[in-house]
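Student: I've got a model open and I'd like to talk it through with you, one piece at a time. Can I fire off some questions?

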Amino acid sequence: MTTRRRWLVIVPVVFLGYLFVYPVARIITIGLDGAASTLWATVTAPGTAGVVWFTTWQAVASTAATLLLGLPAAWAVSRLGLVRSRWFLAATTVPFVLPTVVVGVAFSALVSDSPIEHSALVVIAAHVFYNLSIVVRLVGVRWAQLGDHLEEAARTLGAGPRAVFRRVTLPALAPAIRAAGSLTFLLSFTAFGTVLILGDLRLRTIEVEIWRQATQRLDFGAAASLAVLQLLVVGLALAWQERSTVPRRPAVRSRPRTRSERRVARIVLVVLSAMVAVPILSLVADAVGPTSLAALSGGEVLGLSLSRAVITSLTYAAVATALAVVVGAATSTAIAARGRAAAVIDRLVLLPLGTSAVTVGLGFLVALDWPVDLRASRALVPLAHALVAIPFVTRTMAPALAAIPHRLLEASATLGATPAQAWRRVEWPIVARAALVGAGFAFAISIGEFGATAFVARPADPTLPLLVYRALGRPGAFAIAAMGSTMLMVVTATAVLAVDRFRTGEEAL
């Protein structure tokens, strides 16, 4: 790392060290409390054992169901042209970028007053809805890369369709299926917002139990022990995910060999698109009504004000986005300079992505009372949001900075430009588009963040996701929750579309 860039390492080290490493270390200290027996006692407690069991089996069931529906969709997408399949890719991506409270409210609207309301079945269905795009994109990319030559060679040797799939196609797809399955399991295992809303505390994952122990029972020891357990499971899942990474290659899309195959591919995409659309349409239908419109107009209805929550969320999102871009830019510049310290920072900045937002929020509560007590400060909300968003900013800006030819910087220095001038006149114009993409991701993440916000937000200043959750607990206020969720969906989708417009590089598939 060059001398003039070395000082930038201080920015992510201080930021991540104080807001992530220190709180997580504090959670581990409290959770273990000097002995592994404390953790074991918490995990094996009668109520906790049921929570751990439910968390595990619903994640396994959600992963299996997502793969069951996602594999036919991945095949159909890989077989059709990009123009024909792009609309389906967009349709399946919309649920994945939605805030979890939106997904929870959408399925609540869909199954309201039905026998499966507050059941594990609807939780699993919500996970499938949310994670379907993971399987479609990861497996679809790999399937498109295979082409037809391997299958045609197997058929030439006398293999039937089943044998071709079992002995040729499936082994080639196995790494992508493992990667998609492990990521789906991880997201289902760490689910919070959807389970909290759909389960109504009758069904509790570890995430929900951490929140309940910390905020309702004020048992920070039990919450920390559960967080330690979750960190262990998440670490194993991430290690498996790392082993299952699929190398990127140019996609050479196969073509349907017959009209019937083309027809089947189209039917698969239409059916799954309808399944994705139904919860969203149900949510929008329940959002329109006199109660929600009155709450949106600026007044307070049933003790809830949508307009105030919108202003609060937009304010927090603006601050978090600015903070994420500044810290992310400094981090990206340090990483692009290369060196041992840069490699360490590159790994460190990704750690918040492997830690649940609930754990981050709990860490803020138990740790950020030193050297100044920030636990009651409004600043914790944008800080938590920025912490989660910085990896996305870094992942978009660092490659753009690393691609800048070193001779340009040397030429600017030869002409007398200071490092600040070189950044402003040479590097920033090149990476501005990447910075806008990172800012869009940061804004979308902040506007819909729920896990950490549920711990650190002040009751008098709820964000829009928190107001949605409060509305679900008040009789007659479901329309307000639906309207708030619809607004979150529109804002998030707009931010993601804006990001896609500035994005450069590979095709979606």
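Student: How many of the residues of H17 are buried?

Tutor: Bear in mind that this is a predicted model. The buried residues of H17 include Val358, Gly361, Phe364 and Ala367. The helix is mostly covered, and of its 11 residues the number buried is 10.

Student: Going on past H17, which peptide bond is cis in the loop where Pro371 is found?

Tutor: Pro371 is in the loop that runs between H17 (357-367) and H18 (380-402). Most peptide bonds are trans. Here omega is near -5 degrees, and the cis bond goes from Trp370 to Pro371.

Student: What about the fold as a whole: how many helices and strands does the chain have?

Tutor: The chain has 509 residues, and buried ones make up 52% of them. As for secondary structure, the count is 23 helices and 0 strands.

Student: Of the contacts between residues at least 6 apart in sequence, what share joins residues at least 24 apart?

Tutor: Thr321 gives an example of contacts across the sequence, since it touches Ala439, Ala442 and Phe443 because heavy atoms there come within 4.5 Å. For the chain, taking contacts between residues at least 6 apart, the share that joins residues at least 24 apart is 81%.

Student: And on the outside, what percentage of the accessible surface belongs to carbon and sulfur atoms?

Tutor: The accessible surface of the chain comes to about 22800 Å². Carbon and sulfur atoms account for 66%.

Student: Staying with Thr321, which residue's backbone oxygen lies 2.6 Å from a polar atom of its side chain?

Tutor: Thr321 is in helix H15, residues 306-336. Its relative accessible area is 11%, so Thr321 is buried. In an α-helix, residues three or four places apart point the same way. The backbone oxygen at 2.6 Å from the Thr321 side chain is that of Ala317.

Student: Is Ile124 buried or exposed?

Tutor: Ile124 sits in helix H7, residues 120-146. Setting aside residues up to four places away in sequence, Ile124 touches Trp57, Gln58, Ala61, Ser62 and Ala65. Its relative accessibility is 12%, which is under the 20% cut-off, so Ile124 counts as buried.

Student: What distance separates the C-alpha atoms of Ile124 and Ala65?

Tutor: Ala65 is among the residues that Ile124 touches. The two are 59 residues apart along the chain, and their C-alpha atoms are separated by 8.0 Å.

Student: Now for backbone oddities. What is the phi of Asp200?

Tutor: Most residues other than glycine have a negative phi. Asp200 lies in the loop between H10 (193-199) and H11 (206-215). Although Asp200 is not a glycine, its phi is positive, at about 50 degrees.

Student: Leu218 has a positive phi as well. Is Leu218 buried or exposed?

Tutor: Leu218 is in the loop between H11 and H12 (220-243), and its phi is about 55 degrees. With 59% relative accessibility, which is over the 50% cut-off, Leu218 counts as exposed.

Student: And how does Asp200 count at 40% relative accessibility?

Tutor: Buried needs a value under 20% and exposed a value over 50%, so anything in between has its own class. At 40% relative accessibility, Asp200 therefore counts as partly exposed.

Student: Which helix gives the most residues to the lining of the second largest pocket?

Tutor: That pocket holds about 340 Å³ of space. Of the 17 residues that line it, the closest to its centre are His118, Ile197, Asp200, Leu472 and Gly473. H10 and H22 (464-472) each supply at least two lining residues. With 3 residues, the helix that gives the most is H22.

Student: By class, what does the lining of the second largest pocket consist of?

Tutor: Take three of the residues closest to its centre: Ile197, Asp200 and Gly473. Ile counts as nonpolar, Asp as charged and Gly as polar. For the whole lining, the tally is 9 nonpolar, 5 polar and 3 charged residues.

Student: Last one: which residues line the second largest cavity?

Tutor: There are 2 cavities of 30 Å³ or more, and the second largest has about 40 Å³ of space. H6 (100-111) and H10 each supply at least two of its lining residues. By class, the lining has 3 nonpolar, 2 polar and 1 charged. The residues are Ser108, Val111, Glu117, His118, Ile197 and Leu198.

Key
Residues numbered from 1 in each chain as written. Predicted model: local features only at pLDDT ≥ 70, side-chain atom pairs only at ≥ 80, totals over all residues. Heavy atoms only, no water. Helix = DSSP H or I, 4+ residues; strand = E, 2+ residues; numbered from the N terminus. Buried < 20%, exposed > 50% of the residue type's maximum accessible area, 1.4 Å probe, protein only. Areas by Shrake-Rupley, 256 points an atom, 1.4 Å probe, with all protein chains shown as cover. 1 Å grid on protein atoms, 1.4 Å probe; cavity = no way out; pocket = protein on both sides within 12 Å on 5 of 7 lines; lining within 4 Å. Points joined across faces, edges and corners; volume = space filled by probe spheres on them. Polar contact = N/O pair within 3.5 Å; in protein donor to acceptor, adjacent residues only side chain to side chain.
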